[in-house]
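Let's take a walk through this protein together, from the overall fold down to single side chains. Keep the viewer open beside you as you read.

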Amino acid sequence: MANSSSPRMTSAHQGEILENPLQAYLLGIIVSICGNVLISISLNIQKYAHVRQVQRGSEPYYTSPVWWCGVVLMGVGELGNFAAYGFAPASLIAPLGCVSVIASAIISVVFLKETVRASDIVGGTLAITGTYVLVSFAPHNSTHITAHLVQYYAVSWHFLLYLFVEVIVFCILLYVYKRRNVKHIVVVVSLVALLASLTVISVKAVSGMIAESIKGQLQLIYPIFYVMLVVMVASCAFQIKFLNQAMKMFDATEVVPINFVFFTASAIVAGIVFYQEFEGLALLNIFMFLFGCLLSFLGVFLIARNRPKIKEQDRNFIAMDVIPGRRHTDKVQPEATATTYGSLAAKLMCHRAGQTDDS
C-alpha cells in the first residue's frame, strides 16, 4: 500500500508543476523586464540627485524630493521582480537583471550626458544577445507554487544535501573573513551569493503562494509560508550587510560585475536544485541557456568596467575664506555626509542589476 501511494504522490506533484500555461511564463518575463527598467531609472534619478548636491553644495541629497522619487521607483521595480518569481522559473528571472544594466547605461548617456565608450556598445550588444538566447532556451514549464509543493521540495534529499554543503561553505568563508581577516572581494561576494540562493528560493515560494492565494487557493494559513517569509527577510538583510561591506572595501566597478555573476549563478543553481527547473530539459537547451548567461555576464562586465565617477572636492583643499589665521565672518557650510540609507538603496541592486555608482 505504501509503495503504491508514493508514485501517486510524485505523479500529483509533477502534474502540478507542468500545469502552468505559457501565458504566465511570458507574464513573468515582461514583469521582470519592466521591473529592471524601473530600477535602472530609479538609480539614475538618485545619481542625478547626488550630482546636483555635489555641484550646488546644497542640503543633503536625502532631503531632495527627486531622490525620494528614485527610491519609490526602486521599490516599485523590486516589487515587480518579486512578483515575476511567482510566474516564471527563478533560473530565468535572475539573469534578466542584466536588462537593468543595459537600460542604466542608455539612460546615463541620454539624460546624464555620460560619454559613450566602445566597451558600452560591445557590452550592451553581448548582454542583449545573451538575454535573447537565455529566454529562448530557458525552461518554459513554470511551477504552480503551493504550500504542499514547497514542503515537498524542502524535505527532498537533494535539497537537504545542497543546504548542508552550502551551510558548511558559508561557515568556512565567514571564518576566513572574520577570524582570519581575509578581505578578498571573492570571499565577500561569495557570502552574498550563498545567502542569495536562499533568498531566491524563499522569494519564489512566498510570491508563488501569494499568487495562488489571490487566485482563490488560500496558502497563507500554512506555517511553511511564514517560515519562507522569515528566511526571505533574514537572508535579504544579511545580503545587504555584506554587500555594503564589499562596496566600502572595493570599487563599484569590481563589485558590480562579480556580484552579478555570482548572484545569477547562485539563483540558477537554487532553481535547479530546489524547484527542479531543468528536469526534462534537452541537453541543447541547457547548453544554449548557459551560453546566453555567459554572454550576459561578459556584457555586464564590459559595461560596468571603469565607469566614470562623480568628481568630488578634494578634502585637502582649503578655501580662501578658511585659511588659518584669517579673520572672517562668513559661516562655512559643512560638507554633507553620505547616509547609510542613501547609499543602501543604490547598493541593494548590485546583486540584481550591477550599475550602482557609489557617490
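What follows moves from the whole chain to its helices, its cores, its aromatic rings and a few individual residues.

Please keep in mind that this is a predicted model. The secondary structure amounts to 13 helices and zero strands, which along the sequence reads α-α-α-α-α-α-α-α-α-α-α-α-α. The protein has 359 residues, and 48% of them count as buried. As for contacts between residues at least 6 apart in sequence, 85% join residues at least 24 apart.

A good place to begin is helix 5, residues 98-110. Its 13 residues should span 18 Å at 1.5 Å a residue, and the end C-alpha atoms are 19 Å apart, which agrees. Is this helix enclosed by the rest of the structure or not, to judge by its buried residues? It is largely enclosed, because 10 of the 13 residues of helix 5 are buried. Among them are Cys98, Val99, Ile102 and Ile107, together with the serines Ser100, Ser104 and Ser108. The cover over the buried residues of helix 5 includes helix 2 (22-56), helix 6 (118-137), helix 11 and helix 12.

Helix 7, residues 147-154, gives another picture. Here Ala147, Leu149, Val150, Tyr153 and Ala154 are buried. Looking down the axis of helix 7, you would find these buried residues within an arc of 160°, so they line one face of the helix. The helical geometry helps in reading this: an α-helix has 3.6 residues a turn, so residues three or four places apart point the same way.

Helix 10 covers residues 223-249. At 1.5 Å a residue, its 27 residues should span 39 Å, and the end C-alpha atoms lie 40 Å apart, in agreement. The buried residues of helix 10 include Ile224, Phe225, Met228, Met232 and Ser235, and further along Phe242, Leu243 and Asn244.

Now to the nonpolar interior. The largest nonpolar core has 51 residues, of which Tyr85, Val150, Met209, Met228 and Phe274 touch the most other members. A second, separate core holds 18 residues, including Leu173, Ile185, Val188 and Leu195. To see how one of the well-connected members sits, pick Met228: leaving aside its neighbours within four places in sequence, Met228 is in contact with Val150, Ile201, Ser202, Ala205, Val206 and Phe274. Val150 is one of the buried residues of helix 7.

The aromatic rings come next, and there are 12 aromatic pairs to look at. How do the rings of Phe159 and Phe274 pair? Their centres are 4.8 Å apart and their planes are at 85°, so the pair is edge-to-face. This pair links distant parts of the chain, with Phe159 in helix 8 and Phe274 in helix 11, 115 residues apart. Both Phe159 and Phe274 are buried. The rings of Phe225 and Tyr226 are also edge-to-face, because their centres lie 5.0 Å apart with the planes at 90°. Phe225 is buried, with a relative accessible area of 6%, whereas Tyr226 is partly exposed at 43%. One aromatic cluster is formed by Tyr152, Tyr153, Phe159, Tyr162, Phe274 and Tyr275.

A few single residues round off the tour. Glu212 lies in helix 9, residues 185-215. Is Glu212 buried or exposed? With a relative accessible area of 7%, Glu212 is buried. Leaving aside neighbours within four places in sequence, Glu212 is in contact with His144, Ile145, Thr146, Gln217 and Gln219.

Two loop residues other than glycine have a positive phi. Asn181 has phi near 60°, and its place is in the loop between helix 8 (157-178) and helix 9. Gln276 has phi near 50° and lies in the loop between helix 11 (252-274) and helix 12 (283-304). At 19% relative accessibility, Gln276 counts as buried, the cut-off being under 20%.

Finally, the cysteines. How many disulfides are there? The count comes to zero. Cys171 is partly exposed at 44% relative accessibility, and Cys236 is partly exposed at 29%.

How values were computed
Residues are numbered from 1 along each chain as its sequence is written. This is a predicted model: local features need pLDDT of at least 70, side-chain atom pairs count only at pLDDT 80 or more; totals for chains, interfaces and linings use all residues. Side-chain values use heavy atoms; hydrogens and water are left out. Buried means under 20% relative accessible area, exposed over 50%, partly exposed in between (1.4 Å probe, protein chains only). Helices (H or I, at least four residues) and strands (E, at least two) are DSSP runs, numbered from the N terminus. The arc is that of the directions from the helix axis to the C-beta atoms. A disulfide is a pair of cysteine sulfur atoms within 2.5 Å. A nonpolar core is a set of buried Ala, Val, Leu, Ile, Met, Phe, Trp, Tyr and Cys residues joined through side-chain atoms within 4.5 Å. Contact means heavy atoms within 4.5 Å. The expected span of a helix is 1.5 Å times one less than its number of residues. Rings of Phe, Tyr and Trp (its six-membered ring) pair if their centres lie within 6.5 Å; planes under 30 degrees apart count as stacked, over 60 as edge-to-face and the rest as tilted.
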